[in-house]
Amino acid sequence: MKCLSLLLAAMALFGQQTVVRAARLFDGRSATLQSPGLVVVEGNKIVGVGPSAVLAPNAKVIDLGDATLLPGFMDAHVHLGMQFGLDRRQEVLDEQARTPAEIALRHAKYARATLDAGFTTVRNLGDWNGVDIALRNVINAGEIPGPRILASGPGLGSLGGHCDMTNGARPGFRGREPDWRDGVVDSAESGRQAVRHNIKYGADLIKICATGGVLSLNNDVDSPQLTQAELDAIVDEAHAKGKKVTAHAHGAAGAKRAVRAGIDSIEHGSFLDDEALTLMKQKGTFYVPTLHALWALDQVEKKGGVMDPRTRVKMQAAARRLDETFRSAVARGVRIAFGTDAGVGPHGTNAEEFVLLVQKGLSPIEALKAATSVDAELFGVADTLGTLESGKLADIVAVPGDPVADITKTRTVIFVMKDGRVHKN
Ligand SMILES: [Zn+2]
């Protein structure tokens, strides 16, 4: 009887606990793995990490054996509202024919594929239909499975630029020229208006197009597309409202304007020069190289995909320079964050970025940090996510074996817990 009452008293001290155990653990920050790996979860929070953690007597144990526990992966750059396949030209037409409701229903499966792959938090960068906000809200309400989404709403850019969804179309294609309500900015003041408009309708962060892009049709890939005054106003307005700003930027001139304006991260960065990388290092600007995007376009080419010839030329130019730029960024100690541009490549293959980062010169530990503690800092969520530590939200994934010895293990995520709930085991 005495034993039983002691046990009941002990149980009353704890809520229902789940203990996740495996041979190894990467905490998101350290230079080495812990062994064995053990995380104690209560509700949606981590309450203990490591073999010395105190367990409730009735804790439920999930033993994953010869595997490695890691913080839920993060991806700084996805497009859940689109998925390119082999015929990009046909897909553009299909996308234009679909209503936002149809796009959202079609693409809910990509949110699921992303979570299945171990990515529990993503930034969705640029969406003109409100699909990103809708998916975020429905996932947060627990109605459909998917990653935690930080949504940008429409990307902000210049008329006819990479963020103008009517670029390459005939005049009057959407009835009127797009303006700040659609993310098209033509002055510092309309930049501020566009930021306020996006935030009004639910944006968690602001995405801008500082230069041309590979897949847009009527602009070159590297010229600047917003003025210094426009960028200064956009970043100032967003930061005043506590929102991060990230720039799609291939060319050095546009990227430097964005970095001078105080942008939080540069996406792609194919043609960044020494001056741009030095400036980024000085200002602590994160670099998200999205190696996955060019890898995916190359796969499409190899499979005989249909691509606009203008796109092919830009893709080849960007691919020629990106490796060199990336190596130079790593050598200078620019902070590398993890993002894929998934949507250009297949959703659910996000982990391929780990493999590419390591192939091109990052250590496996640095690649794993990029998708955990570094992304958490870039996203502004480091107080709740990005590491396996007491008090953080219980986003935990596991891969078989040791991903530091073999980074390709990240392709096969065997366990996913998001917010304390097991999604995949
Ligand atoms: Zn993108």
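**Reading a predicted zinc-bound model**

Biologist: Which residues in α10 are buried?

Modeller: Buried means under 20% relative accessible area, exposed means over 50%, and partly exposed lies in between, with a 1.4 Å probe and protein chains only. In α10, the buried residues are Thr-311, Lys-314, Met-315, Ala-317, Ala-318, Leu-322, Thr-325, Phe-326 and Ala-329. Names such as α10 come from DSSP runs numbered from the N terminus: helices are H or I runs of at least four residues, strands E runs of at least two. Before we go on, note that this is a predicted model, where local features need pLDDT of at least 70 and side-chain atom pairs count only at pLDDT 80 or more, while totals for chains, interfaces and linings use all residues. Residues are numbered from 1 along each chain as its sequence is written, and side-chain values use heavy atoms, with hydrogens and water left out.

Biologist: How many Å does α10 reach, and where does α10 bend?

Modeller: The expected span of a helix is 1.5 Å times one less than its number of residues. With 24 residues, α10 reaches 35 Å from its first C-alpha to its last, close to the 34 Å expected. A bend is the angle between axes fitted to the seven residues ending at a position and the seven starting there. In α10 that angle is about 30 degrees at Leu-322, and Leu-322 is one of the buried residues of this helix.

Biologist: Now the metal. Which residues are the protein donors of the zinc ion?

Modeller: Donors are N, O and S atoms within 2.8 Å of the metal (3.2 Å for Na, K and Ca); water is not among the atoms, so sites may look incomplete. Here His-77 and His-79 each offer NE2, and Asp-341 offers OD, at 2.0 to 2.1 Å from the zinc ion. Along the chain, these donors follow the spacing H-x1-H-x261-D. His-79 sits in the loop between β7 (73-78) and α2 (88-97), and Asp-341 in the loop between α10 (309-332) and α11 (352-359), so this pair ties together parts that are 262 residues apart in sequence.

Biologist: Are His-79 and Asp-341 buried or exposed?

Modeller: His-79 is buried, at a relative accessible area of 9%, and Asp-341 is buried too, at 8%.

Biologist: I run reducing gels, so to speak. Which residues form a disulfide?

Modeller: A disulfide is a covalent bond between the sulfur atoms of two cysteines. The test used is a pair of cysteine sulfur atoms within 2.5 Å. This structure has one: Cys-163 and Cys-209, with sulfur atoms 2.0 Å apart. The link links distant parts of the chain, 46 residues apart, with Cys-163 in the loop between β9 (148-151) and α5 (188-200) and Cys-209 in strand β10 (residues 206-209). With 60 degrees about the S-S bond, it is right-handed. Cys-163 is buried, at 3% relative accessible area, and Cys-209 is buried at 1%.

Biologist: In which sense do β8 and β9 run?

Modeller: Two strands pair if DSSP finds at least two bridges between them. Strand β8 (residues 119-124) and β9 run parallel, joined by four bridges; Thr-121 has Arg-148 in β9 as its bridge partner. Between these strands the chain passes through helix α4 (residues 131-140), and this β-α-β crossover is right-handed. That handedness applies if, with the strands pointing away from the viewer, the path from the first strand over the helix to the second runs clockwise. In β9, Arg-148 and Leu-150 point one way, Ile-149 and Ala-151 the other way, and all are buried.

Biologist: How many residues lie between β3 and β4 in their hairpin?

Modeller: There are two, and Gly-43 in the turn has a positive phi of about 60 degrees. β3 and strand β4 (residues 45-49) pair in the antiparallel sense over four bridges, and Glu-42 has Lys-45 as its bridge partner in β4.

Biologist: Which backbone angles should I look at?

Modeller: Most residues other than glycine have a negative phi, and most peptide bonds are trans. His-268 has a positive phi, near 75 degrees; this residue lies in strand β12 (residues 265-271) and is buried at 5%. Asp-419 has a positive phi near 55 degrees, lies in the loop between β15 (415-418) and β16 (421-424), and is partly exposed at 31%. A cis peptide bond, with omega about 0 degrees, joins Ser-35 and Pro-36, and Pro-36 is in the loop between β2 (24-25) and β3 (37-42).
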